[in-house]
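Could you walk me through this protein, one part after another? I am new to it and would like to know where to look.

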Amino acid sequence: MTQTLNTELIINLAYIISAVLFVFGLKMLSSPVTARKGNLLSALGMLLAIVVTLINQIKLPWENIAAGLVIGSLIGAFAARKVQMTGMPELVALFNGFGGASSLLVGLVAAFSLGNSTFINVTIILSILIGGVTLTGSLVAYGKLSEKMPSKAIQFSGQQIFNGALISAILVSAVMFCIAPAVDSLWLYLVIGLSLLFGIMITIPIGGADMPVVIALLNSYSGLAACAAGFVLHNNLLIVSGSLVGASGLVLTNIMCKAMNRSLSNVLFSGFGAAKASTTKIEGEVKPISAGDAYLILEAAQNVAIIPGYGMAVAQAQHVVRELSDHLEANGCEVKFAIHPVAGRMPGHMNVLLAEANVPYDQLVEMDDINPRMGNMDVAIVIGANDVVNPAALNDESSPLYGMPVINVGAARTVFVLKRSMGSGFSGVENPLFFGDNTRMLFGDAKESISHIVAEFKS
Ligand code: NAP
């Protein structure tokens, strides 16, 4: 008896230490300066949690656990090594989906053991339901982000009514299972099938530019599913860590909603982000510029804002961008990097790239802080960004981007846009900035174009 009490005490103490490590790790992730340490701290917490849980609750033979660990680690290491930085959001979407699948399986296995209390049956159904929605929702998000399926919104008439009926059917099936739980209960399999369908239904109507909100929300769902699985397994730490992921995912969703100027109810009840064609005619002409001429203007500049976007990640131009910034500063120019919260393809994408190139943190300025200062900039250099600098979001009510806050680069004296063509960005919307009086298009791969300018500075 005393022995059991002591073991339980040690296990719970280890779980508390893990939970504290998670909380501090999460807190440190909120700043690029401490993010790496935060990641390490959370990983340490997870290692402690896994070791303690395995020692305490091991029900399978060790060989099975070891085989699972080796296979999982090999797949994880392979995926992590192979994935390009630009492919990270898809990988994150897949990981969210796997998290959901695990919770669904935990719930399903627990449903097979009869004699559970009503409370546990409710948590089993929640684990299956949220896990199922997260699994298929994440797979659709993966398909859209990796362009394995069209990224534009898929809508049909009566979609809201269909979704409403689906929610009702899921609720009825869930209640029926909890009233009369049985392994061969049809209601159980209905909940599984309908929640998998619901995950697809809530993700397909979300298109193009709104995907950041979806990724953050699915991340939160995967946490909630894990939390429900924690109740099923009577595992306190899974409840705590699931709640942390669920809550931080919701905070991130809120930040993304603000960045996209969408309300959370818009997201939850879907049907937003549908691509509608802008009716405004774009006027003006495109004025290309060479890297040599761009250098001459930059050499005389006192204040420069660099606005990175997804194209910088594609070109892997972050290191030459840092070099360019160093040359400009050595020339007496003040350089700031203007960061839009949804630039790139995942939250913090630009911060990660610039940190990799050792760009000092004090050079990074958030959108709200740089916009009032944009009028003082001699040059704004837009590097592979498109949607996040599209002025249609500010002044074209017919644009699908209308209402989304953007970096107001048009206010700078001169704007250089570095991209390969006149093609549109992720949202598929045309950009009037490219036709602006003070805009010069520097066509080509961003890394090559900037390398040319850097070479001019060197010579
Ligand atoms: P964007 O609107 O997708 O535009 C990227 C631009 O980069 C393209 O117009 C492309 O033009 C250019 N480009 C691609 N490869 C290039 C290269 N090698 N060299 C130079 N340019 C290159 O990117 P953004 O302005 O960063 O906006 C992000 C978009 O993604 C938003 O719509 C956002 O909502 C969405 N999104 C964000 C997240 C997130 O969490 N951050 C997640 C999912 C989706 P060319 O083809 O002509 O070169």
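Here is a short tour, from the sheet to the helices and then to a few single residues.

Please keep in mind that this is a predicted model. A good place to begin is the open sheet of 6 strands, whose order is β3-β2-β1-β4-β5-β6 and whose pairing is parallel. Its edge strands are β3 (364–366) and β6 (439–443), and each of these pairs on one side only. On average, neighbouring strands of the sheet are turned by 25° against each other, direction ignored.

Let us look at one end of that order. Strand β5, residues 414–419, pairs with β6 in the parallel sense over 5 bridges. Within this region, Phe-416 stands opposite Arg-440 of β6.

Next come the helices that meet the sheet. Helix α13 (residues 318–330) lies across β1 (303–308), β2 (334–339) and β4 (379–383), and its direction makes an angle of about 145° with β2. Helix α14 spans residues 349–356, and its buried residues are His-349, Met-350, Leu-353, Leu-354 and Ala-355. Among the elements that cover these buried residues are β1, α12 (310–315), α13, β2 and β3. After α14 comes Asn-358, which has a positive phi, near 60°.

Now turn to the nonpolar interior. The largest nonpolar core has 74 residues, and Ile-307, Ile-381 and Val-409 have the most contacts inside it. Which residues does Ile-307 contact, leaving aside its neighbours within four places in sequence? They are Ala-338, Ala-380, Ile-381, Val-382, Ile-383, Ala-385, Val-389, Ile-407 and Val-409. Apart from this core lies another, of 38 residues, including Ile-124, Ile-125, Cys-178 and Ile-215.

Ile-125 also leads us to a pair of helices, as this residue is one of those in α5 that meet α7. Two packed helices are described by the angle between their axes and the distance between the axes. For α5 (residues 118–145) and α7 (residues 186–203), the angle is about 35° and the axes are 7 Å apart. The crossing of α5 past α7 is right-handed. On the α5 side, the meeting residues include Leu-129, Gly-132, Val-133 and Thr-136, while those of α7 include Leu-188, Ile-192, Ser-195 and Gly-199. The residues of this contact divide into 14 nonpolar, 6 polar and 1 charged.

Three single residues round off the tour. Is Ser-220, in helix α8, buried or exposed? Ser-220 counts as buried because its relative accessibility is 1%, and buried means under 20%. Not counting residues up to four places away in sequence, Ser-220 touches Val-245, Gly-246, Gly-249 and Leu-250.

A second serine, Ser-449, sits in helix α17 (residues 446–458). With a relative accessibility of 6%, Ser-449 counts as buried too. Beyond residues up to four places away in sequence, Ser-449 touches Ala-291, Leu-418, Leu-442, Phe-443 and Gly-444.

His-234 belongs to the loop between α8 (211–233) and α9 (236–260). Why does His-234 count as exposed? Its relative accessible area is 60%, and exposed means over 50%. The C-alpha atoms of His-234 and Ile-370 are separated by 49 Å, and these two residues are 136 residues apart along the chain.

Key: Residues numbered from 1 in each chain as written. Predicted model: local features only at pLDDT ≥ 70, side-chain atom pairs only at ≥ 80, totals over all residues. Heavy atoms only, no water. Pairing = 2+ DSSP bridges. Helix = DSSP H or I, 4+ residues; strand = E, 2+ residues; numbered from the N terminus. Axes fitted to C-alpha atoms, helices over the stretch in contact; angles between N-to-C directions. Contact = heavy atoms within 4.5 Å. Buried < 20%, exposed > 50% of the residue type's maximum accessible area, 1.4 Å probe, protein only. Core = buried A, V, L, I, M, F, W, Y, C linked by side-chain atoms within 4.5 Å. Left-handed = near helix turned anticlockwise from the far one by under 90°. Nonpolar A, V, L, I, M, F, W, Y, C, P; charged D, E, K, R; others polar.
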